Amino acid sequence: MDSIAITGGTRLNGEIPISGAKNSAIKLMVASLLTEEPLRLTNMPRLRDTRFLGQLLQHLGTNITESDGPDGPESVLHTRTIRSHFATYDLVRQMRASFNVLGPLVARNGQAKVSLPGGCAIGGRPVDLHLKAIEALGVTIDLHEGYVYAQAPRGLKGADIEFPIVSVGATEHAMLAAVLAKGVTRLGNAACEPEIEDLADCLNAMGAQVEGAGTPVITITGVKKLHGASHAVITDRIEAGTYAVAAAMAGGEVRLTNTRADLMEALLVKLEEAGVGVTRLNDGVVIKRNGARLKAVNIDTAPYPGFATDLQAQFMTLMTLAEGESVIRETIFENRFMHAAELARLGADITVSGSEARVRGVDHLEGAPVMATDLRASVGLVIAGLVATGETTVSRVYHLDRGFERLEDKLNACGAEVRRIHGDGIDE
Ligand code: UD1
């Protein structure tokens, strides 16, 4: 298993190009199951999660061609016919978002057998809302031996679906199924994340009729068939936010390009409150800090446009060195503070109580071996390593490879000293 070693103490100066959003790309890839024509996705991130989903889609009948075109990395996904409607436990448990193939499979093919994803490191993460939405669309759902058997031999029917809580995955899943349903579907209390709008834009380019994405009410008028399209994946606001925090932590001046400041306003405002310089540009943002100590600020994670839960671990890391006490409340996921114990190994002073963490700033962190527990937590530890004295080694970085493209290269281009140690112990 690979690990990452960081020699702390260098400032970050330079430019970091932001990739396409992982969380969007994996839903857009799934959309290719809805048409027999090719779907071309540009600005594609090349990640463990996209590779992994690619394998599942190939198993279901999708032909995938990857290349580096004039618009950057692109993938063409072509599902002439659905070859299999069966997604095994082995395929789904490794990446929860694979579960989202269920809706498109049953919408196009009339049936699907997809494994329940099971728990994951950041909490129970059930799929009850997904199943209720798919059922409301006229699909018969049976659960046996860990599998969901979905059937709709006569096709899906539009429905009025009011979500009891905001769920990104369930909103997207319902959209992916309802586009081919007969009649109109209304999704109430829908998630408003930018990735939902991105999915709607792509589906509309494929001939769907989706309105209101990005607001809490989405209306979908079903169509008989979708066609091929070309779509650019939206910028990864979580990757951008992560590098913004890294620059704030290490000090220096970093320009994040190929991204949008408006998608990470909640973070930028908090960075400014903490004393970090933020300049919003047309195609990105500049983050600047010149040595002055950061001030502690509080955050509550919330659905978009609130503070993203996927940036909580990174922000907690930043607060370990701020002056004063910061209160961090996690309102989206249970059990999403596992990084606190790892940060404590580097000298951070954090007390966790239920969904609240109190971070009292210390004057320095010391390098140590630490372990990545989930995707976003692992990058928080890398950020800590950028300022810790000596060397920090983060093990189990396969978590990190799920969602961060060429992390070492991007940081090193700005002066960081980050190197990958392969499972066989060889440095790269
Ligand atoms: C997505 C993102 C993830 C991000 C999260 C919240 C992807 C691949 N992942 O995850 O990075 O952290 O949004 O912004 O896009 N819930 C239920 N029942 C359900 C579904 C969800 O109770 O059927 C609960 C979850 O346990 C959680 C809350 O709803 O407490 C929100 O989860 P959700 O928005 O669905 O997150 P994901 O789509 O899994």
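## What counts as buried

A residue is called buried here when its relative accessible area is under 20%. E74 has a relative accessibility of 9%, so it counts as buried. Keep that cut-off in mind as you look around this structure, which is a predicted model.

## Two domains and where they meet

Let's start with the overall layout. The domain assignment splits the protein chain into domain 1 (3-18 + 235-421) and domain 2 (22-232). Measuring over C-alpha atoms, the centres of domain 1 and domain 2 are separated by 31 Å. Where they meet, 24 residues of domain 1 are in contact with 19 residues of domain 2. Together the two domains bury about 1,700 Å², with 51% of that on carbon and sulfur atoms. On the domain 1 side, Y304, R402 and E405 lose the most area to domain 2, together making up 34% of what that side buries.

What holds charge against charge here? Two salt bridges are counted between domain 1 and domain 2. On top of that, seven residue pairs are found in polar contact across the interface, with both residues at pLDDT 80 or more. Helices α12 (375-387) and α13 (398-403) each give at least two residues to the side of domain 1 that touches domain 2. The largest share, five residues, comes from α13. Sorted by class, that side of domain 1 has eight nonpolar, six polar and ten charged residues.

## D49 and its two partners

Now zoom in on D49. Which residues does D49 pair with? One partner is R402, and the closest N and O atoms of that salt bridge are 3.0 Å apart. Another is K22, whose side chain meets that of D49 in a salt bridge at 3.3 Å, N to O. This second pair links distant parts of the chain: D49 sits in helix α2 (residues 48-60) and K22 in helix α1 (residues 22-31), 27 residues apart.

Are these two residues buried or exposed? D49 has 3% relative accessibility, so it counts as buried. K22 comes out at 5%, so K22 is buried as well.

## Salt bridges between strands

Across the whole structure, a search finds 29 salt bridges. Why would such pairs turn up? Side chains of opposite charge can pair when their charged atoms come close. One example joins E74 and R40, at 3.0 Å from N to O. E74 belongs to strand β5 (residues 72-78) and R40 to strand β3 (residues 39-42), and the two are 34 residues apart along the chain. You have already met E74 as a buried residue, but R40, at 25% relative accessibility, counts as partly exposed.

Another example brings together E391 and R419, 3.1 Å apart from N to O. Here E391 lies in strand β23 (residues 391-395) and R419 in strand β24 (residues 417-421), with their positions 28 residues apart. E391 is partly exposed at 37% relative accessibility, and R419 is partly exposed at 27%. There is also a network of salt bridges, which links D300, E325, R329, D349, E356, R358 and R360.

## A helix tucked inside

Last stop: helix α10 (residues 312-319). How much of α10 is buried? Eight of its eight residues are, so the helix is largely enclosed by the rest of the structure. If you want to find them, look for Q312, A313, Q314, F315, M316, T317, L318 and M319.

Terms used: Residues numbered from 1 in each chain as written. Predicted model: local features only at pLDDT ≥ 70, side-chain atom pairs only at ≥ 80, totals over all residues. Heavy atoms only, no water. Buried < 20%, exposed > 50% of the residue type's maximum accessible area, 1.4 Å probe, protein only. Helix = DSSP H or I, 4+ residues; strand = E, 2+ residues; numbered from the N terminus. Domains from an automatic or database assignment. Contact = heavy atoms within 4.5 Å. Buried area = accessible area lost by both parts, 1.4 Å probe. Salt bridge = Lys/Arg side-chain N within 4 Å of Asp/Glu carboxyl O. Polar contact = N/O pair within 3.5 Å; in protein donor to acceptor, adjacent residues only side chain to side chain. Nonpolar A, V, L, I, M, F, W, Y, C, P; charged D, E, K, R; others polar.
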